[in-house]
Every structure is written in C-alpha cells, then in structure tokens.
Amino acid sequence: QRPDFGYLRTALRKINKGTDSDNILDNLLNRMQQYAANLEGLVDDKTAAFYEEKKKAEDLLYEILPRSVAEQLKRGEAVQAEAFESVTIYFSDIVGFNDLSEEFTPMQMVDLLNGLYTTFDLVLSNYDVYKVETIGDAYMVVSGLPIRNGNMHAREIARMALALLEAVKDHRVRHRPEIQLQLRIGLHSGSAVAGVVGLKMPRYCLFGDTVNTASRMESNGEALKIHISEETKEILDSFYTFITEKRGEIEMKGKGVRTTYWLLG
C-alpha cells in the first residue's frame, strides 16, 4: 500500500534529525502534497466530465435506436433481423403539404415540422410505442416491437392516434396561426421483420407487407380521420372500449378491394 504524506514526513524527520534540512524537506513535502491533491481533483473533474459526455452520447443513441438494440451494439454484438408475428403500424402525413411547401419558405417549413413533431414526440412518451422515422411530412410509429406486448400493440397505437389527432387540432403554426393542419392517419396490424441497416447512422427499419398496407391505409384515408384495417379493428374489438365505423370496401393500389373502418374514439 502506498504510504501517505504524513507517514513520509515522520520517517524523513527521523532520518534527518539534528540536521538543518528539516525545514527544506517539510517545504518539499508540503508542495508535493498540494500537487498530489490538485492532481487528484483534476482527475476527478475529468472523470466526471467523461461520464457526463458518455451519458449524453448514450441518450442520443437511445433516441436513434431502441434501447435493447443499442445495448447490443454497445457490447459489440451483431444485431440480427427479427420477425414479429403481430404488431400495429401507424402512418400519417399532412394533407396539402406540397401546397404549403410552395407557399412557405424552406426555413418556415422546417419550423412548421419541428414544432408539430416536437408536440407529437411528447405525446408518444405516454404510450408503449416506438417512433420509427419521419421523412418530410410522413410520421411512422410502431407498437409490438422490439419488445413484444401481446395484443396491446393495437390498443397503444389506437390511443396514441386519437391523442395525436387532438393534438394537431390544437396545434398552431407559429408564422400562420390561422392555418389548421390536416393530419391523415392510417393503421394496420400484422407481421413484420425489423433490423438495423447500415454502419454510419444506423437505422432500425421495418419490412414486410404490413408496412406497405399501413402506408396504403394512410394514403387512402381522409383529413383529420383515423383509417384502420379490418385486422386492426378485430384486435381493438377485443378490448370493448373503442368506437369504430365501417367505411366500406375500397380499392387499394396493389392490395385489391379491402373492407376498412374509421376509428372514432
């Protein structure tokens, strides 16, 4: 065990007893003790700063990837694609977005989307869902992966969709407060495969027909309405709490004729 400065001072005094070097040695030891204390304090500060930056980096990683996937990457493990038997996927976009893009400046469009999706992100934190991505005005969310939750995925996405619809009705564009943004929402339930794609800025992506169908549910929907598939409705019916209305049969590109519904509450 390394001796401390008190021990060294006592030992050196015994060795140099009766000489004129006592004061010099005391002064030298005091300076060394002060230097060591300053060095330890500096190391503590640097260590604390390191862990603070490490936490910031990890928090950012958890925003980009699901926590369970991020932990695998941190351990240096390869993330294998995984199949999920039943999930519910949410798609939405803004009706008339192209017209707004022509009317607004690019900076105003960035401000519009940032304000809207910041509001949406706050709503999402109340539900068991994972935000997959935003591309332009498109917003994609899933429940049931990467953590499976039985049939609760349809319930969580449905409740979230209703909350987002209310949020967009109350949302105002900062530079054009008179505008009411028209959100169009589509939901579908089914199987999907999820995995990490890429090395630089890796993305957690979903694949499968369920993704395509959910996108079609959104594009064939109407403004300020939640368009759901028959598969999603069947799961929601098992909770006996959701109000739906049959829309009827519609022709979907690449999907044929499908019976769909509106989620009212």
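A residue counts as exposed when its relative accessible area is over 50%, as buried when that area is under 20%, and as partly exposed in between. Keep these cut-offs in mind for the close-ups below, which all come from a predicted model.

**View 1. Arg176 and its two acidic partners.** Let's start with Glu178, which has a relative accessibility of 55% and therefore counts as exposed. Glu178 forms a salt bridge with Arg176, and the closest N and O atoms are 2.4 Å apart. The side chain of Arg176 also meets that of Glu103 in a salt bridge, at 2.2 Å from N to O. Glu103 sits in helix α4 (residues 97-103) while Arg176 sits in the loop between α6 and β4, so this pair ties together parts that are 73 residues apart in sequence. Both ends of that link are partly exposed: Glu103 has a relative accessible area of 45%, and Arg176 has one of 25%.

**View 2. A salt bridge between Arg155 and Glu156.** Here the two side chains meet with 3.0 Å from N to O. Is each partner buried or exposed, or something in between? Arg155 is partly exposed at 25% relative accessibility, whereas Glu156 is buried, with a relative accessible area of 8%. Elsewhere, Asp93, Arg184 and Glu218 are joined into one network by salt bridges that share partners.

**View 3. Strand β4 and its neighbours.** Why is strand β4 (residues 183-197) described as largely enclosed by the rest of the structure? Eleven of its 15 residues are buried, so the description fits. Strand β1 (residues 82-94) runs antiparallel to β4 and is joined to it by eleven bridges; look for Tyr90 opposite Leu187. Strand β5 (residues 203-207) also pairs with β4 in the antiparallel sense, over five bridges, and here Val197 stands opposite Arg203. With strand β6 (residues 225-229), β4 runs parallel, and four bridges join the two. In that pairing, Arg184 stands opposite Lys225.

**View 4. Helices α5 and α6 cross.** Two packed helices are described by the angle and the distance between their axes. For α5 (residues 106-124) and α6 (residues 152-170), the axes come within 10 Å and cross at roughly 145°. The crossing is right-handed. On the α5 side, the residues in contact are Leu116, Thr119, Phe120, Val123 and Leu124, and they meet Met160, Ala163, Leu164, Ala167 and Val168 of α6. What classes of residue make up this contact? Nine are nonpolar, one is polar and none are charged.

Definitions and conventions
Residues numbered from 1 in each chain as written. Predicted model: local features only at pLDDT ≥ 70, side-chain atom pairs only at ≥ 80, totals over all residues. Heavy atoms only, no water. Axes fitted to C-alpha atoms, helices over the stretch in contact; angles between N-to-C directions. Left-handed = near helix turned anticlockwise from the far one by under 90°. Contact = heavy atoms within 4.5 Å. Nonpolar A, V, L, I, M, F, W, Y, C, P; charged D, E, K, R; others polar. Buried < 20%, exposed > 50% of the residue type's maximum accessible area, 1.4 Å probe, protein only. Pairing = 2+ DSSP bridges. Salt bridge = Lys/Arg side-chain N within 4 Å of Asp/Glu carboxyl O.
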